[in-house]
Amino acid sequence: MEVHSAGGLFRKAGEFPAPERVDLPISKDVRQYYRSGPPFLQRYLPYGIAVLASRLLLLLIPVIGVAYPLLRTAPALYGWSMRRRIFRLYGELKYIEVELESLGTIPATELLAQLHRLEERANRLQVPFAFAPFLYQLRNHIALVRARIEQVAARAGR
């Protein structure tokens, strides 16, 4: 508008550019331009930067739409994976306890050896400070099962 609105050899001042139909129909973008002026970003930024910024905004909207839910669930997934590492050891502890209750097929010395291996794995397990209470509870429960195994072995040895 600034460059071409001045008159020239073949046109009067203000005649070009104008939203008049000549040979080609006017596109909706041109109609929008004549109705409200240049787009928001082009009012304040140079044309190349404004076009780049509008394309980046157009790209960022779906990326944010996908990234936001993923970032919201990431802490929960991390917590779940840390608890899973500890609870997997609880599954093995429960197996040892079930074997102790069945009073049977595995001798107490073998159960104590399994319990010792489980305790070693629990001691080597690296967890963040927030999940340390779960690990300390596991160690206490291992000690309780050890005491029960020793108690049953002492009764059986009498």
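This text walks through the nonpolar core and the aromatic pairs of a predicted model.

Start with the core. In soluble globular proteins, nonpolar side chains tend to be buried together. Here the largest nonpolar core holds 19 residues. Within this core, Leu115 and Leu138 have the most contacts. Three helices each supply at least two of its residues: H3 (47-102), H4 (108-124) and H5 (132-157). Helix H3 gives the most, with six residues.

Now look at Leu115. Leaving aside residues up to four places away in sequence, Leu115 touches Leu93 and Ile96. Leu115 also touches Ile142, Val145, Arg146 and Ile149.

Next come the aromatic rings. A pair of aromatic rings is described by the distance of the centres and the angle of the planes. The structure holds five such pairs. Take Phe87 and Phe134. Their ring centres lie 6.0 Å apart, and their planes meet at 80 degrees, so this pair is edge-to-face. The pair links distant parts of the chain. Phe87 sits in helix H3 and Phe134 in helix H5, 47 residues apart.

Are these two rings' residues buried or exposed? Phe87 has 42% relative accessibility, so Phe87 counts as partly exposed. Phe134 has 27%, so Phe134 counts as partly exposed too.

Phe134 also pairs with Phe131. That pair is stacked, with 6.3 Å from centre to centre and 25 degrees between the planes. Phe131 counts as buried because its relative accessibility is 10%, under the 20% cut-off.

Finally, step back to the cluster. Ring pairs link Phe87, Phe131 and Phe134 with Tyr78 and Tyr90.

Note on methods: Residues numbered from 1 in each chain as written. Predicted model: local features only at pLDDT ≥ 70, side-chain atom pairs only at ≥ 80, totals over all residues. Heavy atoms only, no water. Core = buried A, V, L, I, M, F, W, Y, C linked by side-chain atoms within 4.5 Å. Buried < 20%, exposed > 50% of the residue type's maximum accessible area, 1.4 Å probe, protein only. Helix = DSSP H or I, 4+ residues; strand = E, 2+ residues; numbered from the N terminus. Contact = heavy atoms within 4.5 Å. Phe/Tyr/Trp six-rings, centres within 6.5 Å; stacked < 30°, edge-to-face > 60°.
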